[in-house]
Amino acid sequence: MTRFIRKAAAIVLAIAFMAAPALALDRAAIVAQACGGPGSMTEAAAALTAGVATASKDDAAWAATLSGAAIERTLKCGSPPVIAAPAGARDAATLAPATSADGTSPLLSLKNRPLFETARAAATLFSGVTQGERGAALSALERRAGSLPPELFEKAADAETDVGLKERILGVGQAALLNSPDVSKRISAIERISVSADRRSLTQVAGLKTDPAYATDQAFKAAVDAGVASIERRLQISNALNTLYNGLSFASILFMASAGLAIIFGLMGVINLAQGEFIMIGAYVTYAVQEVLRAAAPDLLDWYLIVAIPIVFLATAGVGVFLEATLVRRLYTRPLMTLLATWAVSLLIVNLVRVGVGTQNLQFVTPSWMSGGHLLMGDFIVTWNRLFAIVFAAATLVLTWVVLKRTPLGLNIRAVTQNRAMAGCLGIATRRVDMMAFGLGSGLAGLAGLALCPIYNVNPQMGSNFIVDSFMVVVLGGVGTLAGTVIASLGVGQINVLIEPLYGAVAAKVIVLLMIIAFLQWRPDGLFAVKGRRK
Amino acid sequence: MTDKAHILSRAFEDRIFVGVAAAVALAAVVVALFPGLSGYRVNIAGQLACFALLALSLDLIWGYAGILSLGHGLFFAIGGYVIGMHLLEHAVATTGVTPDIVQFMGWKALPDWWGPLESFPVALVAALGVSFAVAFVFGWVSFRSRVGGVYFAIITQALVYVAMLLMFRNDTGFGGNNGMTGFQTIFGAPFQTPGVAKGLAATSLLVLFAALVACRLLMIGRFGRLLVATRDDETRLRSLGYETLRLKLGVWCLSAVLAAIAGLLYVPQVGIINPRVLSPELSLEIAVWCAIGGRGRLAGAVIGAVLVNAIKFSLSATMPELWPFVLAGLVILVALIFPNGLLDIGRWRPTWISRPDVLQPGDAKP
Amino acid sequence: MSKFDRRSFLMTTAGLAAGAALPLAAPPLIRSARAAGPVKLGCLFSSSGTMANLEGRMNFVAKMAADEINAAGGVNGSTIEVVTSDPASDWPLYAQIGRQMLAETKVAALFGCWTSVSRKSVLPVVEQNDGLLFYPLHFEGDENSKNVVYVNSPPASSVLPAVDYLMSPDGVEAKRFFMIGSDYVWPRTINKQLKGYWKSKGIEESAWKEEYVPFSFSNFQTIVNQIRAFADAPGGKCVVVLTVVGSSIPDFMREFANQGISSSDVPVLGLDMVEADLEGLDTAKMVGHLNCWAYLQQAKGDANVKFLKSWSDYVTKTGAPFKKDVAIDPMVSTYDAVHLWAMAAKKAGSFDVPEVRKAFDGLSFDCPSGYKIGMTAENNYVSRGVFIGSVNETQGFDVLWQSPDTPKPVPMSQY
């Protein structure tokens, strides 16, 4: 009954405002609906979206605020309903300052959330102050253009002052005309949609093949066929790029995890089973840096990953040097015993962290420059966190290469790797070189932990995930060659990603590992055997 | 090549061996005949015997041939899975109750090809045969291309890891993550019968005893001496005209079959087999037992396995947080101070940490 | 055997043999502190391995519940002592420790297991020793042992209502489903039942797709790509039914959000997702994804306020390494379980399993979820309420829907 009265009131009000040049939104009624159950909230969102095109700029701004408040749950349905804000509550209908900020916030159901998001974007398109705001709103609307009244875009384009944006709005408006009665408009809509070239557009355009016009209208049929063909072609490219990117990102992780191992194994023939734990320590040090920055210099918090680089490297390298001096050094002639001893060390580190810090995943701030991704073309999204890992791995590779090829330490390491006895005879302090190399390898592992922070969960167990994979990469690449490790990680990463969609993640891993095992049986020295004496 | 001071005196070793063998035999008698033992403790004794047998199998290949396998869990699991299939078939045959695995695997009944395994001799032959075949193929390929040392260790680790991933998949068809549980009867007797636990434990101890004696005889004989020679200088042995491939392959297959027997005895006593026995950590732990007890001495493997697992059992229910620290501490202690394992303590002349680079048997070639 | 005389041989042999035989005959290694006094309850929750972060906190909840009961005078004149352990996320070890607790520590009941795998491995042990296991997780059903108390809900009263919601006009009218789960019995069975359910609703087989990943799998890039491709294909709204467990949940959610998919594009129904999984994630981009449990932290009622306060106090008091302001369903279920056991033991006037089991009939308890949960003579299931939660910005769940009462649990699925 009350709802009926409310509806009636809305109609009366709407008639009353007919004469006005811009149709005013019935704010009170919409607020009441927004505070109703899920069903009436749907109506509120629909009323907002439908109304903004004809509403005054002031009303549109209000509509954007209200739908934003509904999404962010700052709408408090007391009497009167208010919108809570840090600066003070405002009346939900008039936006005048309000006294009380009580009341519960209605929860958006799954169905209503996109409706309110659309309403907010539509309202912002009209009322957004900056061109950027309006542009972002248009991007949000683009994907749902079909569900909006076409005149909304026309009106928005009329009101738009920026030429470029006006063009874009008209374009999106065209795409929204896919189901218009006018065939020529439909054809231009198809052409328009075909440019975006993602799978959703393919579904939209290919769906038109069942349309009656497809059978009767030649031009329409041609446009649909051309659209489908063009989207499919671009989809193929974007799929290929996607696979490549996924493979590259997996490879970069593999490389980071195994680079340090490759140096240590190549130089000393020593297997460091605690390598995974160095990765974990790296991640924990990164966390510590983040916490220190949060307390001491909150402005720098967004850049903690960069600030942490030298600290992480030095810290993990320090732990590595300590481990070498106390344990590994004493076991050089017994590599199999080193294997067990470093395993014990890994057990120790994991449990120390577990007892000291806890088992929960650490909470990392996702820097603003690293969250989300960029839609490059079609369905190909470049996610920033993975791009960071790729760039980071590339930078590490270059730096490691420089250290190995262009510094005295690198020269020594290479000399000892090739012929330990001869290097010793020439006066190289081989034990010192070992220690430095172990430190370098551990530091690299620590950096891997840093790069993994934005991608994986950081907890005491994280290291164990990498151990078998990274060993396989090192051995496959050929012990002691950085290039081998790079190529092995690229290959393993790419093959894994190629197989995964076909047979599933487990089978992909199994197949890749079996391939490596088989390959090593055939060529135990790996892809690139280092020239020099086998120890 | 070998520093004499670090080899235990022969007499001491003999004494230890005889002592351990006698202790195993005595334990078998006690378990079988002493009525006062709780079922739980009998079960523990049986499990320890299986672990000891597993350690023994690794000691053959690592201690005597110098080849470290970090994938011995694979053979243990083969034995375990085959006996698991046997027990499930047997349960269906004797009780008629469909086991859980049929339901959660989405089957109508157990697969037809499991059928023959209902007979124990077939299951036994299958377990030994499969483990032998897998070991033979893998060993032949590896030893022929001279994969050894650390490489062999990592490749076997990868192999067991691959097997674990495979078996964790439901689609592989062996119960996936769940593995096999709910065994009802063994040789027609329900598992609840008190005699069953005793019988299993006593059998395990007796098998361990027999294996100890047989391996001992084998290792003090020609085969054993050739093996040690292969370990210490394979090139020289080859140039003397010995076919080391055959030697290594022989001991590798023997070791695999022993490990499978251990799995065969273990699973009925714990009532579950799942891919966790294929985890690289378990296979590594086997090596740790050997290292702690002392390699290349058979008795050492048994002592190590029993000691480590006894501590583990007693700690995991009371002070679970302590266990990893104890284990890590033991390994580091052994690595640094007692390179021959805890049997060194008996000599009271440990290799102190200040003497880092002492060659150990089997370590000559990385 | 040259240098070795008979005496030393005999001595060593005797010594070693005695050494081996002694532990067998000696008193148990695990000795109870006071033999007659307290009644012992055993916990089977891992504090290491992949389940540690989730299971670990339950040890503390059980202790907290026991403290409450002890403060009120204990049960049948005894105080409760909670014995914890660490099965290290290793399923056979759950069975081993369970056996040890029942046979040696003589616990009156066991509380534990998160994954169905661990429950299935403990099941034969409790059945052979006629023990009692209180299992606090919602699970795949199709099991009805007299030795297990299923404190949480089978699918018919947890998963199906949530899926129904997604398919209803109030939800998103979902027509197509992408199922992604960890590769073990719970996800497989749940998905099997879901497929049967959809078939019964006349949904074509082409409308769903399922993928499985190993435990602690973390690289979800390719799978999220597949989901995007599936969601954009024609045929109606797509939802993701997520049954991965443990550390895979946050990994999946992070990748999902990073690839720019929001809940208004493709909603995720995370069947095992709890507040603790969202720790460390930027949930602003995940708002609106769903889960379904028999308890959510935002449940209304005094019982919940009291529970949250006790937990927070308990964490402060004991320094347990968990967040004091996060409570998840299995914690509440464990809490309920200890109380249910105590009530049954009190009613039976005994700690003997058969007596306690008989006393289950007609028990009811004011669960922190706000429902009065109860048990019947029919089976060992506990009837619980149903919540559908929706991820909010503050790493928690808002209550999107909750059942009017506690539906009667249906152990065996009809699908």
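Reader: Let's start small: which residue in S2(C) is the bridge partner of Gly42(C)?

Author: That's Val83(C). Bear in mind that this is a predicted model.

Reader: What makes S1 and S2 of chain C a pair, then?

Author: Pairing takes at least two bridges. Strand S1 (residues 39–44) of chain C and S2(C) have four bridges, in the parallel sense. The cut-off is met, so they count as paired.

Reader: What is the order of the strands in the open sheet of chain C?

Author: S2-S1-S3-S4-S5, five strands with parallel pairing.

Reader: Why do strand S2 and strand S5 of chain C stand at the edges?

Author: S2 (80–83) and S5 (148–150) each have a single partner strand, so one side of each has no neighbour in the sheet. From one strand to the next, the twist averages 25 degrees.

Reader: Which strands of chain C does helix H2 lie across, and how does H2 run relative to S2(C)?

Author: H2 (residues 52–71) lies across S1, S2 and strand S3 (109–112), at about 175 degrees to S2(C). Angles between N-to-C directions go from 0 to 180 degrees, so about 175 degrees means H2 and S2(C) point almost opposite ways. Helix H3 (residues 91–105) of chain C packs on the sheet too, touching S1, S2 and S3, and makes about 175 degrees with S1(C).

Reader: Over to chain A: how much helix and strand is there over residues 384–404?

Author: 100% helix and 0% strand, with the end C-alpha atoms 30 Å apart. The unreviewed UniProt entry includes 384–404 among its "transmembrane region" annotations for chain A, though such annotations may be inferred rather than shown by experiment.

Key. Residues are numbered from 1 along each chain as its sequence is written. Chains are lettered from A and ligands numbered from 1 in the order in which they are written. This is a predicted model: local features need pLDDT of at least 70, side-chain atom pairs count only at pLDDT 80 or more; totals for chains, interfaces and linings use all residues. Helices (H or I, at least four residues) and strands (E, at least two) are DSSP runs, numbered from the N terminus. Two residues are in contact if their C-beta atoms, placed from the backbone, lie within 7 Å.
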